Amino acid sequence: RSLEGLKTFSYLEELILDNNLLGNDLLLPRLPHLHTLTLNKNQITELESLLDHLAEVVPSLQYLSLLGNMACPNELVCKEKDEDDYQRYRYFVLHKLTNLKFLDTRKVTRREREEALVRGAFMKVVKPK
């Protein structure tokens, strides 16, 4: 559950953190060379704060996977979610992390990138209180 020891690996390029108990309190140290990060099947529910944190501490990130977390709305997590929910999630992630080449299992397309620039900020999923 702790990522404290990672700060000594500042030249780390790939990090696989699948199937842990990592949640919204996830804090990575600054890893300027990290280009691949997988956080599949954790307990992440809050997307925006995670993306803001990643934009700050892993500026070279190109490959990100969040499958199996509540923050990634697809059929793996919730049967009520559909492809439209997942596509809105992709636009929002690409709006926040503009250097991504792959998100989850799919390559980022030119059309997705363009759509994320125009509408990505409005794709944030807001839960009613």
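**Briefing: strands, helices and a salt bridge**

Strand 3 (residues 63-65) and strand 4 (residues 102-103) run in the parallel sense where they pair, joined over two bridges. Please keep in mind as you browse that this is a predicted model. Alongside the strands, helix 2 (residues 83-96) is a good place to look, since this helix packs with helix 1 (residues 47-57) and also with helix 3. The notes below take the sheet, then each helix pair, then the salt bridges.

**The sheet**

- Strands 3 and 4 belong to an open sheet of five strands, ordered 1-2-3-4-5, with mixed pairing.
- At the edges you will find strand 1 (14-16) and strand 5 (106-107), each of which pairs on one side only.
- If you would like a residue to start from, try Tyr63, whose bridge partner in strand 4 is Phe102.

**Helix 1 with helix 2**

- The axes of helix 1 and helix 2 are 9 Å apart, and the angle between the two helices is about 30°.
- Angles under 35 degrees count as roughly parallel, so helix 1 and helix 2 are roughly parallel to each other.
- Helix 1 makes a right-handed crossing as it passes helix 2.
- On the helix 1 side, the contact is made by Leu47, Glu48, Leu51, Asp52 and Ala55, while helix 2 brings Tyr89, Phe92, Val93 and Lys96.
- Sorted by class, the residues of this contact are six nonpolar and three charged, with no polar ones.

**Helix 2 with helix 3**

- Here the packing angle is about 75°, and the axes of helix 2 and helix 3 lie 8 Å apart.
- The range for roughly perpendicular is 65 to 115 degrees, which means that helix 2 is roughly perpendicular to helix 3.
- From helix 2, the residues Gln87, Arg90, Tyr91, Leu94 and His95 meet Arg111, Glu112, Glu115, Ala116 and Arg119 of helix 3.
- This contact of helix 2 with helix 3 comprises five charged, three nonpolar and two polar residues.

**Salt bridges**

- The count for the model comes to six salt bridges.
- One pair to look up is Arg90 and Glu112, whose side chains meet in a salt bridge at 2.6 Å, N to O.
- Because Arg90 sits in helix 2 and Glu112 in helix 3 (residues 110-119), this pair ties together parts that are 22 residues apart in sequence.
- Both Arg90 and Glu112 are also among the residues that meet where helix 2 contacts helix 3.

Conventions: Residues numbered from 1 in each chain as written. Predicted model: local features only at pLDDT ≥ 70, side-chain atom pairs only at ≥ 80, totals over all residues. Heavy atoms only, no water. Axes fitted to C-alpha atoms, helices over the stretch in contact; angles between N-to-C directions. Helix = DSSP H or I, 4+ residues; strand = E, 2+ residues; numbered from the N terminus. Parallel < 35°, antiparallel > 145°, perpendicular 65-115°, else oblique. Left-handed = near helix turned anticlockwise from the far one by under 90°. Contact = heavy atoms within 4.5 Å. Nonpolar A, V, L, I, M, F, W, Y, C, P; charged D, E, K, R; others polar. Pairing = 2+ DSSP bridges. Salt bridge = Lys/Arg side-chain N within 4 Å of Asp/Glu carboxyl O.
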